[in-house]
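Hi,

Here is the structure I promised to pass on. Have a look at it first, then read on for my notes on its pockets, cavities and helix packing.

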Amino acid sequence: MSLLPELRYPTVTELVLSARALAAQRPDVCRLRQVGVSRAGRPLHVLSIGHARRAVLVVAGAHSNEPTGGPAALAVAARVLAERELRSGTSWHFLLCADPDGASLHVTPAPRSLFDYHLGFFRPAGEEQPEWAPAMLPPDRLPPETRILTGLIDELRPYLQVSLHGTDLGGSWVQLTKDVPGLAEPFSKSAAELHIPVETAASDAAGWPASGPGVHVMPAPGAGAAYPSMPDDARRSTWYHAHRYGGLTAVVEVPMWASDLVDDPAPHPTPAAAMGRLAGRLLRQSRAVDRVLADALPRLEGADGPLLRAATWSLGLVPGLAADWIGTRPADETRAYIGSVDAFSRRLPLRAAAMLLRVLREADDREAPRLEGLVKAWSDAFADRFQARWVPLEHQVEHQARTVVAVALHARVRAD
């Protein structure tokens, strides 16, 4: 893997300062406001451009380990300011970071390798993630970040919400809650120009219809889930809140490290057997982390911080997910899909191990060196298997920004 160039991911504070400077350039059409505070009291800010009733809402930082969204949101904002036609009849609103508490815990702004990335890794348990909490919690227990996000949607009634996401290793793809005809062409063109593979059969969109390569449309609410054990049903997330006002949501994913193994549409020779092997490895690796956790837990003196909760939650997903993969026909039988599932099966125990490692290091626990060895070996094996190559940060940001503008223009036609 190549080293990270001089550019790095900005902190939330730096994003807010940049947004403030941008707003100061055009106070006639821009404003930056605080829309609430997180569970820990950190402010959430929205940058707004324009005053039109027809609105686009761009959400960055919903997952703390996916840092490209913040700078991409600012890149779109700068483009909207520079290109009058983009804000003609449309106002744009940018939630700069939906989860500032999570962002404060993910501490790898300039990862030099996949191992380095995981040494500072944090991704909250599902019920603590702003977009996914409604799929797992009753309305009276939703975190403030979720209520702020849904409140923004209620206030703005956007014809389009764009949620900026990312993946550590793989390709780029888009998930839509309603189809946006014509999006696949500019999306694919941008990816090709920036040498980013298109993930044509992402495991996140298993079994969903596609309106073009890498553009997946979420199935109707009554459709069965490809992975029944998973609690994060997108149709119960904040992505569907915009539907109350006739809008839709586009989720734009871009990789930090790219792999050309996730865009091969050729049939896999033995897809069912491959899924069984991946399930077996998933179980073995998660059990290895479980053993470390069981050994260390009595020495952690009842610790219950967000890192430990997230690690435990991730491990709890494994048995059901492995069962989903064994003995059933794969949702897709291409090499691309099996490759995407392969990445997913490596990601889950690796993330759990990485977060647990941070807990053990903080406690100076004797199990930390053994767990660090697993995180190192699994990170290196992940990168080697997928022939990972770093996507320059400016390319990550440019591709995501181009896709946001493309989906806004095409969805505007749909809304009109």
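**Pockets, cavities and helix pairs**

Helices α1 (12-25), α2 (69-82) and α4 (100-105) each give at least two residues to the lining of the second largest pocket. Before I go further, do keep in mind that this is a predicted model.

That second largest pocket holds about 410 Å³ of space. There are 24 residues around it, and Pro10, Thr11, Val12, Ala103 and His106 are the ones nearest its centre. By class, its lining splits into 12 nonpolar, 10 polar and 2 charged residues.

Two of the helices on that wall also pack against each other. The axes of α1 and α2 are 10 Å apart, at an angle of about 5 degrees. With an angle under 35 degrees counting as roughly parallel, α1 is therefore roughly parallel to α2. From α1, the residues in the contact are Leu15, Ser18, Ala19 and Leu22, and they meet Gly70, Pro71, Leu74, Ala77, Ala78 and Leu81 of α2. The contact has 8 nonpolar and 2 polar residues, with no charged ones.

α1 turns up once more, at a cavity. The structure has 2 cavities of 30 Å³ or more, and the second largest of them has about 30 Å³ of space. Its lining is made of Val12, Val16, Pro43, Leu44, His45, Leu96, Cys97 and Pro100. Both α1 and β2 (43-49) supply at least two of these residues, with β2 giving the largest share, 3 residues. Val12 is worth a click, as it lines this cavity and is also among the residues nearest the centre of the second largest pocket. The cavity lining comes to 7 nonpolar residues and 1 polar, with no charged residue.

Now for the largest cavity, which has a volume of about 40 Å³. Around it you will find Asn65, Glu66, Pro67, Thr68, Tyr117, Gly166, Thr167, Asp168, Val254, Met256 and Gln396. The elements that give two or more residues to this lining are β5 and β9 (248-258), and β5 has the largest share, with 3 residues. Here the classes are 4 nonpolar, 5 polar and 2 charged.

β5 leads us on to the largest pocket. This one has a volume of about 950 Å³ and a lining of 46 residues. If you want to centre your view on it, pick Trp132, Asp204, Met230, Asp232 and Phe344, the lining residues nearest its centre. Which elements each supply at least two residues of the lining? They are β5 (160-170), β6 (173-176), α9 (306-325) and α10. The largest share comes from α10, with 7 residues. In all, the lining has 24 nonpolar, 11 polar and 11 charged residues.

Both of the helices at that pocket have a helix partner, so to speak, and I looked at each pair in turn.

Take α10 (residues 335-362) first: its axis comes within 9 Å of that of α11 (residues 368-385), and the two cross at roughly 150 degrees. Since an angle over 145 degrees counts as roughly antiparallel, α10 is roughly antiparallel to α11. The crossing is left-handed. On the α10 side the contact takes in Asp342, Ala343, Arg346, Arg347, Pro349, Leu350, Ala353, Ala354, Leu356, Leu357, Leu360 and Arg361. On the α11 side are Ala368, Leu371, Glu372, Val375, Trp378, Ser379, Ala381, Phe382 and Arg385. By class that gives 14 nonpolar, 1 polar and 6 charged residues.

Then there is α9, which pairs with α8 (residues 271-296): their axes come within 9 Å and cross at roughly 150 degrees. These two helices are therefore roughly antiparallel to each other, and α8 passes α9 in a left-handed crossing. Met275, Leu278, Ala279, Leu282, Leu283, Ser286, Val289, Asp290 and Leu293 of α8 touch Leu308, Thr312, Leu315, Val318, Pro319, Leu321, Ala322 and Trp325 of α9. The contact of α8 with α9 has 14 nonpolar residues, 2 polar and 1 charged.

Over to you, and shout if anything is unclear.

Cheers

Conventions. Residues numbered from 1 in each chain as written. Predicted model: local features only at pLDDT ≥ 70, side-chain atom pairs only at ≥ 80, totals over all residues. Heavy atoms only, no water. Axes fitted to C-alpha atoms, helices over the stretch in contact; angles between N-to-C directions. Helix = DSSP H or I, 4+ residues; strand = E, 2+ residues; numbered from the N terminus. Parallel < 35°, antiparallel > 145°, perpendicular 65-115°, else oblique. Left-handed = near helix turned anticlockwise from the far one by under 90°. Contact = heavy atoms within 4.5 Å. Nonpolar A, V, L, I, M, F, W, Y, C, P; charged D, E, K, R; others polar. 1 Å grid on protein atoms, 1.4 Å probe; cavity = no way out; pocket = protein on both sides within 12 Å on 5 of 7 lines; lining within 4 Å. Points joined across faces, edges and corners; volume = space filled by probe spheres on them.
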